[in-house]
Amino acid sequence: LEKVCGTIPAVLVLCIDWSEDLRQPEQEEAQALHHLQHARKQAKDRDLRLLVFVVLHAQTADPEAACATLRQQPEGSGLVIARGADDINAKALKLERLVYQSAISYYADEEKRLRKPWTPKGQVSASSQNAMQVRANFKIAFLNEFRKDARAALKSYIKAYEQLIQDAEVADVVERMALCNHITIRMYQRYLHSHDV
């Protein structure tokens with residue numbers, strides 16, 4: 001969960017500042033394409049979403065034509081174009097909405113990945129399998145909280161809690177009690193903060 005919350009972002013935003021000149025020199029376009037390819041590679045390796053934010057000169061007549069080389073790239077990512085520094089505030093709302101939508105889709109995909117049944121390689125004890133099941137349900141509940149899906153989060157928390165109660169071999173007593181207490185607190189918070197449950 002620390003990796004999901006702090007280390008790996010859900011969305012990368014590549015910012016390109018072409019506000020100096022009315023027409024971009026070929027060298028700047030090539031450099032921007034190089035940075036875009038590098039960001040795409042990182043996003044693909046980490047399975048992240050990529051957005052591109054471009055600031056053009058304020059008097060650019062056709063912003064779409066000015067950014068045509070960025071649009072023609074494979075695996076089209078979200079592109080937000082601002083015309084000058086004055087237009088940045090107006091486009092920030094669109095960028096914020098795209099970041100939010102991309103993050104939600106990332107966490108939904110991450111949840112689907114975690115829901116796949118865990119098939120161990122080789123012989124694994126039943127308690128290890130149950131421990132992995134508890135861990136997966138806990139992560140799924142946490143990701144559902146990120147997506148503000150209270151019902152799905154509660155279902156996953158309940159599954160994890162039931163597995164901790166039923167199988168005494170999952171962990172030692174102190175660890176199981178700590179996890180059950182944490183799950184109980186999270187469930188109470190979800191019940192109190194959610195009006196549709």
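1. Let's start with the contacts in this predicted model. Of the contacts in the protein with a separation of 6 or more, 68% are between residues 24 or more positions apart. As you look at the structure, try picking out a few of these pairs and finding both partners in the sequence.

2. Next, the elements. The protein has eight helices and three strands. Read from the N terminus on, their order is α-β-α-β-α-α-β-α-α-α-α. You can trace this order along the chain with a finger.

3. Now for the inside and the outside. The protein has 197 residues, and 37% of them are buried. Its accessible surface comes to about 12600 Å², with carbon and sulfur atoms accounting for 52% of that area.

4. Here is a detail worth zooming in on: the structure contains one aromatic pair, made by Phe138 and Tyr157. A pair of aromatic rings is described by the distance of the centres and the angle of the planes. For Phe138 and Tyr157, the centres are 5.8 Å apart and the planes are at 65°, an edge-to-face arrangement.

5. Which helices does this pair tie together? Phe138 belongs to helix H6 (residues 126-146) and Tyr157 to helix H7 (residues 150-166), so the pair links parts that are 19 residues apart in sequence.

6. Are the two partners buried or exposed? Buried means under 20% relative accessible area. Phe138 has 15% relative accessibility, so Phe138 counts as buried. Tyr157, with a relative accessible area of 1%, is buried too.

Key. Residues are numbered from 1 along each chain as its sequence is written. This is a predicted model: local features need pLDDT of at least 70, side-chain atom pairs count only at pLDDT 80 or more; totals for chains, interfaces and linings use all residues. Side-chain values use heavy atoms; hydrogens and water are left out. Helices (H or I, at least four residues) and strands (E, at least two) are DSSP runs, numbered from the N terminus. Buried means under 20% relative accessible area, exposed over 50%, partly exposed in between (1.4 Å probe, protein chains only). Contact means heavy atoms within 4.5 Å. Accessible areas come from the Shrake-Rupley method with a 1.4 Å probe; for residues, only the protein chains shown count as cover. Rings of Phe, Tyr and Trp (its six-membered ring) pair if their centres lie within 6.5 Å; planes under 30 degrees apart count as stacked, over 60 as edge-to-face and the rest as tilted.
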